[in-house]
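Colleague: Could you walk me through the ligand sites in this model?
Modeller: Happily, here it is.

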Amino acid sequence: QSKLAGRNRYCCFTARMNDEAEARLRLESELRRAVGTEQLFLHFQPLVHVESGRVAGIEALLRWNNPELGSVPPDRFIPQAETCGLIVPIGRDVLRQACQTALPWLQGGHPDLLLCVNVSPRQFQDGAFLDDVRTILRETGFPAGNLELEITEGLLLKERGDIDGLLQGLHDMGVHLAIDDFGTGYSSLSYLERYPFHTLKIDRSFMIGMLERHERKVLVDTIVAMATGLGLKVIAEGVETAEQLARLRAIGCDLAQGYLFSRPVPAEQIFALLDNRFGLDERGPGPSVHLH
Ligand code: C2E
Ligand code: MG
Ligand code: MG
Ligand code: MG
């Protein structure tokens, strides 16, 4: 009897594995066909200077709308695109599209605006990455000093060899480098000393319970103090309430990003946000707070 049960479990297990494998394959083939089409497009989310309430940067976030699968979240399709290598051409399109879209924002009275673009470790492993960035900047006319590339910590752990040279090359071009989702994954504090980062983004998981839980409070305080002490700009992701913002202001966090200010929105809506002064609204959390 136990043998039978074991066998049933085995059948269910393989059936489930096949389902998953099938779903993955399907996703991959749909994604392959989506590259270069309007199925893949960008949304943009403002990064707000905590002191002044001004928009200091804009992060480009990839979206995928498939006629069959509907809207597929990046957390689902990006890992898949990384595994099958599609992230390389997709990432190139993202960078080009982001630069083209953001250039008029700089030219329209916001010359200091930073454009933040996520880069997958897999793109770094592709030997042509540095040349791709250089080419895209030249062809779009986007200034290198207004571009910030966001890199997750995983990259630094995996790829040791020529990562130093690559990051230095980008740094020498004038491109800003940010460490994304800091505090999750495999943080090694020595990375902060070793690589030429400008910016540290605290993962949004740290915002949850940040005001209630003593331990979390200490961690956020300490990360901000450490980053500031190292001369890095600090950004808090996932800021959803005015209370979180007030706390970040009190501890000297430079920038904040989150639903409190704006969700990621289509490019057309960004121009209208650029002149906002986002502030602390006593009434508490809301979709966005405008103090003009
Ligand atoms: P990320 O780079 O850490 O981006 C921030 C994520 O947090 C975004 O999720 C954003 O929509 C979400 N977010 C922002 N504010 C809030 C908030 O107040 N509350 C909550 N709950 N969430 C907030 P999204 O757009 O789903 O992207 C997820 C991840 O997918 C990104 O995390 C990034 O790692 C990856 N990704 C997105 N676009 C690209 C891309 O073009 N290239 C690569 N390589 N990765 C990308
Ligand atoms: Mg990011
Ligand atoms: Mg992040
Ligand atoms: Mg994150």
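Modeller: One term first: a residue is near a molecule if one of its heavy atoms lies within 4 Å of that molecule. This is a predicted model, where local features need pLDDT of at least 70, side-chain atom pairs count only at pLDDT 80 or more, and totals for chains, interfaces and linings use all residues. Residues are numbered from 1 along each chain as written, chains are lettered from A and ligands numbered from 1 in written order, and side-chain values use heavy atoms, without hydrogens and water.

Colleague: Which residues come nearest to ligand 1?
Modeller: There are 23 residues around ligand 1. The nearest of them are R63, N118, E237, E240 and Y259.

Colleague: How far is a polar side-chain atom of E237 from an oxygen atom of ligand 1?
Modeller: Polar contacts here are pairs of N or O atoms within 3.5 Å. Y259 offers a polar backbone atom 2.8 Å from a ligand 1 oxygen. For the E237 side chain, the distance to a ligand 1 oxygen is 2.9 Å.

Colleague: Which residues coordinate the magnesium ion (ligand 3)?
Modeller: Donors are N, O and S atoms within 2.8 Å of the metal (3.2 Å for Na, K and Ca), and water is not among the atoms, so sites may look incomplete. The coordination distances are 1.7 to 2.5 Å. The residues are D180, D181 and E237.

Colleague: Which residue coordinates both the magnesium ion (ligand 3) and the magnesium ion (ligand 2)?
Modeller: The two ions are 3.6 Å apart. Both are coordinated by D180.

How values were computed: A polar contact is a pair of N or O atoms within 3.5 Å; within protein, one must be able to donate a hydrogen and the other to accept it, and residues adjacent in sequence count only if both atoms are side-chain atoms.
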